[in-house]
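Trainee: Could you take me through one part of this model in detail? I'd like a close look at the salt bridges and what surrounds them.

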Amino acid sequence: MARRVAIVGAGVSGLACIKCCLEEGLEPTCFERSDDLGGLWRFTEHVEEGRASLYKSVVSNSCKEMSCYSDFPFPDHYPNYIPNAYFLEYLQMYAERFGLRRCIQFKTKVCSVTQRPDFAASGQWEVVTQREGKQESAVFDAVMVCTGYLTNPHLPLDDFPGIKTFKGQYFHSRQYKHPDIFKDKRVLVIGMGNSGTDIAVEASHVAKK
């Protein structure tokens, strides 16, 4: 009997894990809390709890040769650096090509993953999930957690004296979607990582300063 594997998350890593499990003769079940695959690369106009959040203009910061799955290159007509909508389309093609969707349970949240009482002998895990308000429990031989790490915003407000009396708006890049919110405003961007630099450039086109 095939060993059962629970995979948490249907983004870039989760999809690859499903495929690898199938190739090894395992029986993967992937739980995805949202209603579609793609994880980080699926843009939504609103911020979803438990998911990474993109702004509309996000493009991959590594070239397509370095960003693709080794056995499934990006289509030739894709640009060298991939806009998020193309990346999502690519992940959908990957799932289609290798028949991965049949292994994914969408709109299903993983509530807990615990070792079974006989774990020392069996190595098995109990996974409790929730879908449409109803909880279910299932036993798996292995669990792969593919939830990413770009979900929780780091907003150290205590480090900014005066923030409590600041009259303007402040927010983390996780909340950012479009540059029009900066129109005719004076904008301060804190942080010079990928998001900070992107947002500073976009703001510069519409902001007062």
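Mentor: Happily! Across the whole structure, a search finds seven salt bridges; bear in mind that this is a predicted model. A general point helps here: side chains of opposite charge can pair when their charged atoms come close.

Let's begin with arginine 101 and aspartate 36, whose side chains form a salt bridge with an N to O distance of 3.2 Å. Arginine 101 sits in the loop between α3 and β3 (104–105), while aspartate 36 sits in the loop between β2 (27–31) and α2 (64–67), so this pair ties together parts that are 65 residues apart in sequence. The two partners also have their own degrees of cover: arginine 101 is partly exposed, at 33% relative accessible area, and aspartate 36 is buried, at 18%. The cut-off matters for aspartate 36, because buried means under 20%.

Next comes aspartate 35, which meets arginine 42 in a salt bridge at 3.7 Å, N to O. Here aspartate 35 is partly exposed, with 49% relative accessibility, whereas arginine 42 is buried, with 9%.

Glutamate 136 and lysine 134 give another pair, with their side chains meeting at 3.6 Å, N to O. Glutamate 136 is partly exposed at 47% relative accessibility. Lysine 134, at 54%, counts as exposed, because the label applies over 50%. There is also a network of salt bridges, which links Lys19, Glu23 and Asp71.

Now for the nonpolar side of the picture. In soluble globular proteins, nonpolar side chains tend to be buried together. The largest nonpolar core in this model has 36 residues, and Leu15 and Leu37 have the most contacts inside it. β1 (4–8), α1 (12–23), α3 (84–97) and α5 each supply at least two of its residues, and the largest share, six residues, comes from α3. Leaving aside residues up to four places away in sequence, leucine 15 touches Leu37 itself, along with Ala10, Tyr69, Leu91, Tyr94, Ala95, Leu100 and Ile104.

Nonpolar residues also appear at the surface: Leu40, Tyr149 and Leu150 make a nonpolar patch of about 350 Å². Tyrosine 149 belongs to the loop between β7 (142–145) and α5 (194–206), and with 72% relative accessibility it counts as exposed.

How values were computed: Residues are numbered from 1 along each chain as its sequence is written. This is a predicted model: local features need pLDDT of at least 70, side-chain atom pairs count only at pLDDT 80 or more; totals for chains, interfaces and linings use all residues. Side-chain values use heavy atoms; hydrogens and water are left out. Patches are made of residues with over 30% relative accessible area and no salt bridge: like charges are joined within 9 Å, nonpolar side chains (Val, Leu, Ile, Met, Phe, Trp, Tyr) within 5 Å. Accessible areas come from the Shrake-Rupley method with a 1.4 Å probe; for residues, only the protein chains shown count as cover. A salt bridge is a side-chain nitrogen of Lys or Arg within 4 Å of a carboxyl oxygen of Asp or Glu. Helices (H or I, at least four residues) and strands (E, at least two) are DSSP runs, numbered from the N terminus. Buried means under 20% relative accessible area, exposed over 50%, partly exposed in between (1.4 Å probe, protein chains only). A nonpolar core is a set of buried Ala, Val, Leu, Ile, Met, Phe, Trp, Tyr and Cys residues joined through side-chain atoms within 4.5 Å. Contact means heavy atoms within 4.5 Å.
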